[in-house]
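Work through the exercises below with the sequence and the model side by side. Try each task before reading its solution.

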Amino acid sequence: MHIFIEPAAGVSPVTHVIQSARHTVKLNVYLLDDQHILRALAQAHARGVAVQVMVEGKPYGMSAVKVQQELRRIEQTGAVVKQAPPRFESSGHHYAFDHGKWVCTMHECAIGTANYSYSAFHRNREYLAVTRNPYIVRAANAVFEADWDNRHAPQWVDKYLVLSPDNSAATLQQLLQQPGKVYVESEELGYYEPIMHQMEAKGKDLYMVLPSSLSASDKRNAAELEKYGVHIHLISSPYMHAKAIIGDKYGFIGSEMGVVIKNPEILHEVREQIQKDYMSDSDRPLSKMYASLKSMVHRFIPWNRAS
């Protein structure tokens, strides 16, 4: 497994996986408008690769017209395109998205936190794990095929992937419980009670880097965590879109699909980046900006493929 850190790595970790395909490309992503990736998909189709793309049908804040434009651009590559299954779409009080971010061939996958957009590869802090681990590759392809056919993913994939909503909450809690310091980067905080209590229990051994554009409710949640000794730092540049939990023995990188990391060198690399972000002067510690915020509100885990 190799880890790529954005925006320094650029789009090549994704395009390389597509360019290496000989038989199939299966791509699931929330947003897809990066021209390099679209071109790589078109080239794969032209050399006889079967290309399937699944995207979110109702991205937050995107009009139906924009969605149709996105779908047409993807279809022009020659790919077979589907919108995510209806159970992953928000309606009424049901809040759910297909927020996946991965692409697989038969032998390799790139699984990460980045949407396939310009911002992801030029402005955001993102992490991508590229792996040829045959168990992870097989599991990710099985999830794609199940979603493509609007079926639930087989249970055995939970052994190799962190998958929402199946096993994500339990896995994240276990990662937070590991001994020693734990470092977290996330675009959102929210409030999911079991996770929040675990972060409170971690206290002074938990370091979090969040975007300065946090919502008012997330700022209140973060201020509440500071009462338990949690160290929180807000940054504005690069934009914090990552979802990562890194400890001494185990880590997580991903979104609605993610991977557990055990390789000490990879853990060190990501931990070092989070520490640099935490020490950056991009913004100030939360406590100096929001000391008066006290209340707690509702919602956690942006890392859910579906609610």
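**Exercise 1. The cores**

How many residues does the largest nonpolar core have, and which have the most contacts inside it?

Solution. The model is predicted: local features need pLDDT of at least 70, side-chain atom pairs count only at pLDDT 80 or more, and totals for chains, interfaces and linings use all residues. Residues are numbered from 1 along each chain as its sequence is written, and side-chain values use heavy atoms, with hydrogens and water left out.

Step 1. Fix the terms. A nonpolar core is a set of buried Ala, Val, Leu, Ile, Met, Phe, Trp, Tyr and Cys residues joined through side-chain atoms within 4.5 Å. Buried means under 20% relative accessible area, exposed over 50%, and partly exposed in between (1.4 Å probe, protein chains only).

Step 2. Count. The largest nonpolar core has 40 residues, and Ile3, Tyr127 and Leu161 have the most contacts inside it. Helix α5 gives the most to this core, nine residues. Another core lies apart from it, with 30 residues, including Ala21 and Val103.

Step 3. Look around Leu161. Leaving out residues up to four places away in sequence, its contacts (heavy atoms within 4.5 Å) include Ile136, Val143, Met257 and Val259.

**Exercise 2. The open sheet**

Give the strand order of the seven-stranded open sheet and find its edges.

Solution. Step 1. Strands (E, at least two residues) and helices (H or I, at least four) are DSSP runs, numbered from the N terminus. Two strands pair if DSSP finds at least two bridges between them.

Step 2. The order is β8-β16-β15-β14-β9-β11-β12, with mixed pairing. β8 (162–163) and β12 (231–235) are at the edges; each has a single partner strand, so one side of each lacks a neighbour in the sheet.

Step 3. Check directions. β9 (residues 182–186) and β11 (residues 206–211) run parallel, joined by four bridges. Tyr183 faces Tyr207 in β11. β14 (residues 243–246) and β15 are antiparallel over three bridges, and a hairpin of four residues links β14 to β15. β15 and β16 also run antiparallel, with four bridges; their hairpin has two residues.

Step 4. Follow Phe252. It is the bridge partner of Ile245 and also stands opposite Val260 in β16. In β15 (residues 251–254), Phe252 and Gly254 point one way, Gly251 and Ile253 the other, and all are buried.

**Exercise 3. The second largest pocket**

Which strand gives the largest share of the lining of the second largest pocket?

Solution. Step 1. Define it. On a 1 Å grid over the protein atoms alone, a pocket is an open set of points where a 1.4 Å probe fits, with protein on both sides within 12 Å along at least five of seven lines; lining residues have an atom within 4 Å of a point. A volume is the space filled by probe spheres set on the points, which are joined across faces, edges and corners.

Step 2. This pocket holds about 300 Å³. Of its 17 lining residues, Ile136, Lys159, Tyr160, Val260 and Lys262 are closest to its centre.

Step 3. The largest share, three residues, comes from β16.

**Exercise 4. Backbone exceptions**

Where are the cis bonds to Pro7 and Pro165?

Solution. Step 1. The Glu6 to Pro7 bond is cis, with omega near 10°; Pro7 lies in the loop between β1 (2–6) and α1 (12–19).

Step 2. The bond joining Ser164 and Pro165 is cis too, with omega about 0°. Pro165 is in the loop between β8 and α6 (168–177).
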